[in-house]
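Subject: Handover of a structure

Dear colleague,

Please find below the structure that I am passing on to you. The notes that follow it set out what was found.

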Amino acid sequence: MDINLNDLLRRYRSHPFEDYPVETPHTGIVSFKVKEGQTVKGPSGEWLHRPGTLLYVIERERNVKRVTALWNGQVSGIRLDLEGRFVEAGELLLSIRHQLDKEEIIDRILTRVLYILPAPQRARYFLAPEISAKMEKQPERGVPVESGNEVLIMSLMKRDTVISYEGVPGTLYKIYFKSGDMVEQGSPLLGICPPDKLQYVRKVIQRIHAEWEK
């Protein structure tokens, strides 16, 4: 669909942030390891194998779980009233305010233009072998997809499930994850561009690159 790019750019210039909530994975006693306004780092390394900043620990039945940051940013809204207290699963403890860079803003704007395939569940995802092979052969041209094509493999609880694409025919324009990443439910996995929107999408990206630095 067409978008009001001027309004979107104005909005992102005035507030180039995204707030990520951090909730408890299960019940337990919470002990914070960060302070309000503290800068934290997400996972690092080529394979994101080095964990981010330790945010808090939660203890249940003498089992201690360390919870680390998944994003770069600053701690905000920390619930210090919960320090040392027993909390339920899903309790909001704090948020991480992440400053978006230009490429992240492009990605978010494209979600309004492309046909987005979201993650059906929180799981690890991989490109289907056929799609991956085509991407290696023609990375610049993109891979055509149509309804019924096997595009992804979802790995959950040691079980792999093939995910087929159900949507408008088009070109696989954007991949929003790295193979093997743990992706939250509802987060975008693939962005498909219908043939009649391809030139429009390219113009949107060119415009953002040209306008953002002004």
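Let me begin with one residue and its surroundings. His 26 makes contact with Ile 58, Arg 60, Lys 65, Val 87, Glu 88 and Ala 89, leaving aside residues up to four places away in sequence. This histidine sits in the loop that connects E1 and E2. His 26 counts as buried because its relative accessible area is 17%, and the cut-off for that class is under 20%. Please bear in mind throughout that this is a predicted model.

Overall architecture

The protein contains four helices and 16 strands. Its C-alpha atoms fill a box of roughly 55 × 45 × 30 Å along the principal axes. Of its 214 residues, 37% count as buried. Among contacts between residues at least 6 apart in sequence, 71% join residues at least 24 apart.

Two domains divide the protein: domain 1 covers 17-99 and domain 2 covers 102-211. Their centres, taken over C-alpha atoms, are separated by 29 Å.

The sheet E5-E4-E2-E7

One open sheet has four strands in the order E5-E4-E2-E7, and the pairing is antiparallel. E5 and strand E7 (86-87) each have a single partner strand, so they stand at the edges and one side of each is left without a neighbour in the sheet. Strand E2 (residues 28-32) is joined to E7 by two bridges, and these strands run antiparallel. Within this pair, Gly 28 has Val 87 of E7 as its bridge partner. Val 87 is also one of the residues that His 26 touches.

The sheet E13-E12-E10-E15

A further open sheet is formed by four strands in the order E13-E12-E10-E15, again with antiparallel pairing. Its edges are held by strand E13 (159-164) and E15, each with a single partner strand, so one side of each is left without a neighbour in the sheet.

The pairings can be followed across this sheet from one edge to the other. E13 and E12 pair in the antiparallel sense over six bridges, and Asp 160 in E13 stands opposite Ser 155. Strand E12 (residues 150-156) in turn pairs with E10 over four antiparallel bridges, where Ser 155 in E12 stands opposite Arg 124. Finally, strand E10 (residues 123-127) is joined to E15 by two bridges, and these strands run antiparallel. Here Arg 124 stands opposite Met 182 in E15.

The largest pocket

Where does the largest pocket lie in relation to domain 1 and domain 2? Both domain 1 (17-99) and domain 2 (102-211) give residues to its lining, so the pocket lies between them. Its volume is about 2,000 Å³.

The lining comprises 41 residues, and those nearest the centre of the pocket are Leu 70, Trp 71, Met 182, Val 183 and Glu 184. Met 182 is thus the residue already met opposite Arg 124. By class, the lining has 19 nonpolar, eight polar and 14 charged residues.

Several elements supply at least two lining residues each: strand E1 (17-23), strand E4 (54-60), strand E5 (63-68), helix H2 (102-110), strand E14 (170-175) and strand E15 (182-183). The most comes from E1, which gives five residues.

Two further residues

Ser 95 belongs to strand E8 (residues 92-99). It counts as buried because its relative accessibility is 18%. Leaving aside residues up to four places away in sequence, Ser 95 touches Tyr 20, Pro 21, Gln 74, Val 75 and Ser 76. The C-alpha atoms of Ser 95 and Ala 119 are 22 Å apart, with their positions 24 residues apart along the chain.

Met 135 lies in helix H3 (residues 129-137). Is this methionine buried or partly exposed? Met 135 is partly exposed, because its relative accessible area is 21% and buried means under 20%. Beyond residues up to four places away in sequence, Met 135 touches Val 143, Leu 172 and Ile 175. Its C-alpha atom is separated by 11 Å from that of Tyr 173, a residue 38 places away along the chain.

With kind regards

Methods. Residues are numbered from 1 along each chain as its sequence is written. This is a predicted model: local features need pLDDT of at least 70, side-chain atom pairs count only at pLDDT 80 or more; totals for chains, interfaces and linings use all residues. Side-chain values use heavy atoms; hydrogens and water are left out. Buried means under 20% relative accessible area, exposed over 50%, partly exposed in between (1.4 Å probe, protein chains only). Contact means heavy atoms within 4.5 Å. On a 1 Å grid over the protein atoms alone, a cavity is a set of points where a 1.4 Å probe fits but cannot get out, and a pocket is an open set with protein on both sides within 12 Å along at least five of seven lines; lining residues have an atom within 4 Å of a point. Grid points are joined across faces, edges and corners, and a volume is the space filled by probe spheres set on the points. Ala, Val, Leu, Ile, Met, Phe, Trp, Tyr, Cys and Pro count as nonpolar, Asp, Glu, Lys and Arg as charged, and the others, Gly among them, as polar. Domain bounds come from an automatic or database domain assignment. Two strands pair if DSSP finds at least two bridges between them.
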